[in-house]
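Reader: I'd like to talk through this model with you. Can we start with the sulfur chemistry and then move on to the strands?

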Amino acid sequence: QVQLVESGGGLVQPGGSLRLSCVASGSIARIQSMGWYRQTPGKQREFVAKITSDGTTTYTDSVKDRFTVSRDDAKNMVVLQMNSLKPEDTAVYYCSAGLTKFGVTSYTIYGGQGTQVTVSS
């Protein structure tokens with residue numbers, strides 16, 4: 001079984017920073033892509049950022065120049081550094097990983113349980 005566990009959420013004032021981390025564990029052969037989504041009540045989950053195995057990063061327009069996604073393959077970890085946070089960044093943030101497991105050829109996307117980020121004064 002594969003598990004993704006997020007950490008680092010919390011309450012921060014507008015203009016502040018937070019660092020989210022997500023660690024994947026289990027029988028993982030290779031992680032091709034890791035990233036973050038977010039969701040607010042009554043809205044669909046939206047893409048935030050991702051990083052592929054070759055280090056290519058992609059961001060949604062609303063977080064460009066404020067958020068940075070990075071990964072540590074030795075730890076099966078993805079990090080989202082969030083700066084200049086705004087109230088509209090308030091959401092539950094979910095980690096995702098697209099990976100292959102040992103002994104399995106198919107590519108599967110796994111998700112975490114989410115961590116709350118609240119930006120408020």
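Reader: What is the handedness of the disulfide of Cys-22 and Cys-95?

Author: Quick caveat: this is a predicted model, where local features need pLDDT of at least 70, side-chain atom pairs count only at pLDDT 80 or more, and totals for chains, interfaces and linings use all residues. Residues are numbered from 1 along each chain as its sequence is written, and side-chain values use heavy atoms, with hydrogens and water left out. A disulfide here is a pair of cysteine sulfur atoms within 2.5 Å, and Cys-22 and Cys-95 sit at S to S 2.1 Å. The torsion about their S-S bond is about -75°, so the disulfide is left-handed.

Reader: How far apart in sequence are the parts that Cys-22 and Cys-95 tie together?

Author: Strands are DSSP runs of E, at least two residues, numbered from the N terminus. Cys-22 lies in strand E3 (residues 18-26) and Cys-95 in strand E9 (residues 91-101), so the parts tied together are 73 residues apart.

Reader: Are Cys-22 and Cys-95 buried or exposed?

Author: Buried means under 20% relative accessible area, exposed over 50%, partly exposed in between (1.4 Å probe, protein chains only). Cys-22 and Cys-95 are both buried.

Reader: Which strands stand at the edges of the open sheet of 4 strands?

Author: Two strands pair if DSSP finds at least two bridges between them. The order is E1-E3-E8-E7, with antiparallel pairing. One side of each edge strand is left without a neighbour in the sheet, because each has a single partner strand; the edges are E1 (2-7) and E7 (67-72).

Reader: Which residue in E8 stands opposite Val-69?

Author: E7 and E8 (residues 77-82) run antiparallel, joined by 6 bridges. Opposite Val-69 in E8 is Leu-80.
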